[in-house]
Amino acid sequence: MKTSEYLAQDAVGLANLVARGEVSASEVLDAAMARLNAVNPTLNAVVRVLEEQARSAIQSGLPSGPFTGVPFVIKDITTQMRGVPTTAGSRLFANAVAENDSALIASYRRAGFVLFGKTNTPEFGLVGITEPDLYGATLNPWNLERTCGGSSGGAASAVAGGIVPAAQASDGGGSIRIPASCCGLFGFKPSRGRVSMAPLGEGWGGLTVLHAETRTVRDSAAILDISCQPQPGDIYSLAPPATPFAQEVGRDPGKLRIGFLPTNLYGGAMDEAVAAGVREAAHLCERLGHHVEEVMPPIDIRDMATAVLVVIATAVVNSLETEAERRGRPIAHGEVERVTRTLYEQGKSHTALQYQRALQQLHTMARRTAPFFEKYDVMLLSTLGRLPLPVGLLKNGDEDLAELTTRFYDYGPNTQLFNVTGQPAMSVPLAWSADNIPIGIQFAGRVGEETTLFRLAGQLEREKPWADRRPPELPAL
């Protein structure tokens with residue numbers, strides 16, 4: 001299979017070729033490995049190559065599923081692959097080999113995916129860039145001097161760079177949508193409880209969800225179909241849809257009521273290119289027959305970052321203390337990055353009352369946001385407040401947590417709220433800057449109503465297709 005033929009297909013397309021016998025799983029993996037060898041030395045997107053395991057899986061006989069023979073890579077945090085380390089981007093867990101597959105990985109294997117690598121992530125997924133000390137920075141295929149986003153930056157860079165058509169990702173504060181915006185991809189965050197986190201209970205107090213980075217809408221929908229399998233003991237769960245999401249992509253969404261936010265969620269300004277992209281998306285939705293109305297931010301979220309930091313810092317303390325207890329000695333300063341250490345020290349000072357109050361504050365925000373979605377079916381707003389930042393800008397500010405937080409929420413002000421509310425939200429690559437930098441436009445819907453977003457996304461993709469756009473920084477063949 002030629003690289004050009006490989007790059008021309010999305011995951012569903014590759015699966016169809018394999019199913020029809022036009023190409024073998026081994027030939028598809030050959031093409032994926034050739035592309036990886038061509039671009040990964042530059043991008044640093046895939047940090048662990050599992051070619052031997054992938055070849056063995058093919059030789060043993062892949063299950064017959066919707067993605068049989070399609071190469072796929074896994075984000076190196078949260079989800080676990082049997083016999084492979086899950087480092088969470090940290091030197092502390094560089095050798096933390098998983099004994100079993102997580103439920104999501106098991107579903108990928110049953111679907112026939114060929115798992116052949118793990119992608120880079122910031123340490124513990126803490127920052128919206130992907131520049132961990134353990135593996136170094138992952139670069140943006142559209143502009144090698146700008147961030148690919150985070151924390152699913154390795155996944156997004158791998159897809160935008162053509163290593164794979166889709167990649168597993170996770171989102172605790174924008175970590176699917178932010179990299180999708182930076183790298184010109186479709187990034188869909190499902191509702192809380194849509195994808196099981198088994199055997200884990202929850203991530204970051206329920207903020208974290210699992211899914212994927214994709215080029216096409218149909219790939220995202222079809223991958224979610226195989227992923228939304230509730231497991232016994234799930235803390236949150238939603239029943240699988242009556243009609244598969246993949247069948248909804250081509251359906252008419254009807255006339256939606258869309259609330260269009262021209263500012264960021266804090267009421268502040270954005271880069272002009274970003275603001276222009278949002279306005280253009282609003283006009284596009286109007287032309288498609290939707291009722292689009294300019295709105296104000298639905299609630300005051302100025303205190304959200306403080307409450308979120310309490311939850312995340314407490315989670316960091318739990319992770320590090322659990323590891324310290326397991327091995328019988330405390331975490332030394334050089335074992336984790338400075339921002340992790342800062343959050344760890346801050347988290348140790350939080351009381352149970354502070355944690356409970358932070359959770360209650362976030363739950364209250366979710367309640368206060370809900371009335372907006374009684375009036376509107378969808379909120380339209382930017383994914384990011386700025387164009388992708390230069391590599392190193394947030395990394396170099398990590399000595400001061402307050403400064404880092406301020407910088408992050410200026411760069412990514414609009415994604416965290418929908419982790420708090422548990423709503424589905426997607427970043428759609430509908431705009432590019434004058435110098436060819438992708439700009440994601442975000443759409444959020446009601447909890448459990450992924451169908452509405454997939455129908456709208458399919459409509460937008462047909463009207464303004466993006467999947468054939470390729471980064472100029474990398475070889476096309």
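**Note on the two largest pockets**

1. Helix α11 gives the most to the lining of the largest pocket, contributing nine residues. The structure discussed here is a predicted model, and the points below should be read in that light.

2. The volume of the largest pocket is about 1100 Å³. Its lining comprises 36 residues, of which Thr 78, Phe 93, Phe 124, Leu 200 and Ser 319 are the closest to the centre of the pocket. Two or more lining residues come from each of the elements β6 (166-171) and α11 (304-327).

3. As to the character of this lining, the largest pocket is bordered by 15 nonpolar, 16 polar and five charged residues.

4. The second largest pocket holds about 350 Å³ of space. It is lined by 17 residues, and those closest to its centre are Arg 192, Ala 366, Val 420, Thr 421 and Val 447. The elements that supply two or more residues to the lining of this second pocket are α13 (352-369) and α16 (416-421).

5. Within the lining of the second largest pocket, α13 accounts for the largest share, with six residues. Classified by type, the residues around the second largest pocket are nine nonpolar, five polar and three charged.

6. For orientation when viewing the model, a reader may begin with α11, which gives the most residues to the lining of the largest pocket, and then turn to α13, which holds the largest share of the lining of the second largest pocket.

Key:
Residues numbered from 1 in each chain as written. Predicted model: local features only at pLDDT ≥ 70, side-chain atom pairs only at ≥ 80, totals over all residues. Heavy atoms only, no water. 1 Å grid on protein atoms, 1.4 Å probe; cavity = no way out; pocket = protein on both sides within 12 Å on 5 of 7 lines; lining within 4 Å. Points joined across faces, edges and corners; volume = space filled by probe spheres on them. Helix = DSSP H or I, 4+ residues; strand = E, 2+ residues; numbered from the N terminus. Nonpolar A, V, L, I, M, F, W, Y, C, P; charged D, E, K, R; others polar.
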